[in-house]
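Please examine the sequence and the three-dimensional structure shown below. The report that follows may be read alongside them.

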Amino acid sequence: MRLLDTSACFPEASHDGRTHFAHDGVLPSTPMIDHERALFVHTLRELYHLEAELENLQAELATEATREELEEYYMAHGETTSEQLARLDALFDEIEGDLEAQLESGVEPGPIEDGPLEALRADRDELVGDIQDPMLADVVDAELGRTIERLELSRLETLLTLADRMDLPSEIVDPLEQTYREAESGLEELQGLPQ
């Protein structure tokens, strides 16, 4: 049973006859998104990449934190992020049957780069490198965490809006709603940490 028909999400060629996919299956920076399903899959892939990058970043931030509260937050949230990634993997499994034709043609769905996260991380690294007081680095890292949670919430809001518009089944919506609640909780916790 197809839960999400993505057959039109991965066209083989555009109107000019050129393929819009790299050989490694990664969408170019301006993919052709001409309907809700394509935007849903694209945003889901962005969220997956965001979560995967966040999983790695949180371990680094926990190690570098000088305040115990911030270290504990990043350690605990790292576990939550791992659970969220597993949930997103399951969502990709739910829609996998819809993508069999694309896989056979050599186009592999999966995460795509999420430019805002890389830019935030680069800015953070540069700023922290210039900071002399480690406690100030914690302030920067807490702000980075809040910004990332807001970015995650934004992606999830888009996915939930699209899921509602497309009347997607609970097998797709429920994991997204759970992840949204966890991201809200993570943001609230970060906002409650002493500065």
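The sections below treat the fold, the salt bridges, the surface charge, the aromatic pair, a backbone feature and selected contacts.

## Overall architecture

The model is predicted. The chain contains six helices and zero strands, and its elements follow the pattern α-α-α-α-α-α when read along the sequence. Of the 195 residues in the chain, 44% are buried.

## Salt bridges between helices

How many salt bridges does a search of the whole structure find? The search finds ten. One of them joins Arg-155 to Glu-46, with the closest N and O atoms 3.0 Å apart. This pair links distant parts of the chain, since Arg-155 belongs to helix 5 and Glu-46 to helix 1 (residues 36-64), at a separation of 109 residues. Arg-155 and Glu-46 are both buried.

A salt bridge is also formed by Glu-60 and Arg-121, whose closest N and O atoms are 2.4 Å apart. Here too distant parts of the chain are linked: Glu-60 lies in helix 1 and Arg-121 in helix 4 (residues 115-130), 61 residues apart. Glu-60 has a relative accessible area of 25% and is therefore partly exposed.

## A network involving helices 4 and 5

Asp-141 forms a salt bridge with Arg-124, and the closest N and O atoms of the two are 2.7 Å apart. The pair links distant parts of the chain, with Asp-141 in helix 5, Arg-124 in helix 4 and their positions 17 residues apart. Are these two partners buried or exposed? Asp-141 has a relative accessibility of 1%, so Asp-141 counts as buried. Arg-124 likewise counts as buried, because its relative accessibility is 5%.

Through salt bridges that share partners, Glu-60, Glu-64, Arg-121, Arg-124, Asp-125 and Asp-141 are joined into one network. The network thus includes the pair formed by Glu-60 and Arg-121 and the pair formed by Asp-141 and Arg-124.

## Negative surface patch

Which residues gather in a patch of negative charge on the surface? The patch consists of Asp-89, Asp-93, Glu-94, Glu-171, Asp-174 and Glu-177. Helix 2 (68-96) and helix 6 (170-192) are the elements that give two or more residues to this negative patch.

Glu-94, one of the patch residues, is placed in helix 2. Its relative accessible area is 34%, so Glu-94 is partly exposed. Patch membership requires a relative accessible area over 30%, and the value of 34% for Glu-94 satisfies that requirement.

## Aromatic pair

The count of aromatic pairs comes to one. Tyr-73 and Tyr-74 form this pair in an edge-to-face arrangement, with 5.2 Å centre to centre and 70° between the planes. Tyr-73 and Tyr-74 are both buried.

## Backbone at Asp-167

Most residues other than glycine have a negative phi. Asp-167, although it is not a glycine, has a positive phi of about 55°. Where does Asp-167 lie? Asp-167 is in the loop between helix 5 (134-166) and helix 6. The relative accessibility of Asp-167 is 67%, which means that Asp-167 counts as exposed.

## Contacts between positions separated in sequence

Leu-193 is found in the segment after helix 6. Leu-193 and Leu-70 are 123 residues apart in sequence, while their C-alpha atoms are 7.4 Å apart in space. With a relative accessible area of 13%, Leu-193 falls under the 20% limit and is therefore buried.

Two residues of helix 1 may be considered next: Leu-44 and Ala-59. Leu-44 counts as buried because its relative accessibility is 1%. The C-alpha atoms of Leu-44 and Thr-158 are separated by 9.4 Å, and the two residues are 114 residues apart along the chain. Ala-59 has a relative accessible area of 45% and is therefore partly exposed. Ala-59 and Met-75 are 16 residues apart along the chain, with 6.6 Å separating their C-alpha atoms.

Note on methods: Residues numbered from 1 in each chain as written. Predicted model: local features only at pLDDT ≥ 70, side-chain atom pairs only at ≥ 80, totals over all residues. Heavy atoms only, no water. Patch = residues over 30% accessible without salt bridge, like charges linked within 9 Å, V, L, I, M, F, W, Y side chains within 5 Å. Areas by Shrake-Rupley, 256 points an atom, 1.4 Å probe, with all protein chains shown as cover. Salt bridge = Lys/Arg side-chain N within 4 Å of Asp/Glu carboxyl O. Lys, Arg positive; Asp, Glu negative; His and termini not counted. Charge placed at Lys NZ, Arg CZ, Asp CG, Glu CD. Helix = DSSP H or I, 4+ residues; strand = E, 2+ residues; numbered from the N terminus. Buried < 20%, exposed > 50% of the residue type's maximum accessible area, 1.4 Å probe, protein only. Phe/Tyr/Trp six-rings, centres within 6.5 Å; stacked < 30°, edge-to-face > 60°.
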